[in-house]
Amino acid sequence: MATRPISLRVPASCRPGDEHKTQRAFSESVEEYVEGIFRLQKEVDRVSTGEIATYMCVSAGSATTMVKKLAELGLVLHEPYQGIRLTEFGEKVAKQLTRAHRILERFLVDHLELPWDDVHELACKLEHYISEDIIDRIDQKLGHPSTCPHGNPVNPDEPDPSTRLQDAKAGRLRVYRISDERIEFLQHLESLGLKPGVEFEAVGSTSIDSLIHLTIEGKPYTVGQEVARHLWVVPA
């Protein structure tokens, strides 16, 4: 059969194995680790390899190999017995990813009407393939939202007035943000009626098992350490 002339061509960025100027500086895996370390630093300051492995759900060996690669790329500092910390450059990359992630979550919930408890994973995937200028356009289209659907600030440098529920004083409180975005955790909070902006009463706690007793819309509930640690509140 004779070859027919065609004018169609696959875009440069879609050509198998072709380098293109829109290619990101780091792989998706590297970016996920950087963003993960950034989140962990909010929890423990100096992060250990074991904590990274637990967070990323990988073996300690895999985490160690990646940390060495991150150090070679200038993204982290790894001092023996001193833990792991992002460099200034690493923090810049992490903050860009975090901002993109939270803007995408807002778009998925507010414009595509996806459930607030099931957008984290999709945003995790999209954030690695959408350029910063497109994120800026989405942000502008959304009216520059201040938080993601889980209450976390779009600008990671925004001052945070909230306190973990486990450290808050008893009394009238308001849910400010949620730091654990796993679907099963968010579904549990929704079943309790605890979403950003909701007010409730912290009645008291038990010192032995660290349970906290709440009153939400007039109904009594008891929550454990997971909720107490990842639910951040402010006085109502």
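**Overall architecture and strand pairing**

The secondary structure of the protein comprises 8 helices and 8 strands, as seen in a model that is predicted. The C-alpha trace extends over about 80 × 45 × 35 Å along its principal axes. The chain has 236 residues, of which 38% are counted as buried, and the accessible surface of the protein amounts to about 14000 Å², with 53% of that area belonging to carbon and sulfur atoms. When contacts between residues at least 6 apart in sequence are considered, 63% of them are found to join residues at least 24 apart. With regard to charge, the protein carries 28 positive and 37 negative charges, and the mean positions of these two sets lie 4 Å apart.

Strand pairing was examined for the segment that contains S4, S5 and S6. Strand S4, formed by residues 171-178, runs antiparallel to strand S5, formed by residues 199-205, and the two are joined by 4 bridges; within this pair, Arg172 is placed opposite Glu201 of S5. Strand S5 also pairs with strand S6, which covers residues 212-216, again in the antiparallel sense and over 4 bridges, so that S5 has pairings with both S4 and S6 under the criterion that two strands pair if DSSP finds at least two bridges between them. In the pairing of S5 with S6, Ser205 stands opposite Ile212 of S6. The hairpin made by S5 and S6 has 6 residues between its strands, and Ser210 in this hairpin adopts a positive phi near 60 degrees.

Methods
Residues are numbered from 1 along each chain as its sequence is written. This is a predicted model: local features need pLDDT of at least 70, side-chain atom pairs count only at pLDDT 80 or more; totals for chains, interfaces and linings use all residues. Side-chain values use heavy atoms; hydrogens and water are left out. Buried means under 20% relative accessible area, exposed over 50%, partly exposed in between (1.4 Å probe, protein chains only). Contact means heavy atoms within 4.5 Å. Accessible areas come from the Shrake-Rupley method with a 1.4 Å probe; for residues, only the protein chains shown count as cover. Lys and Arg count as positive and Asp and Glu as negative; His and the chain ends are not counted. The place of a charge is taken as NZ of Lys, CZ of Arg, CG of Asp or CD of Glu.
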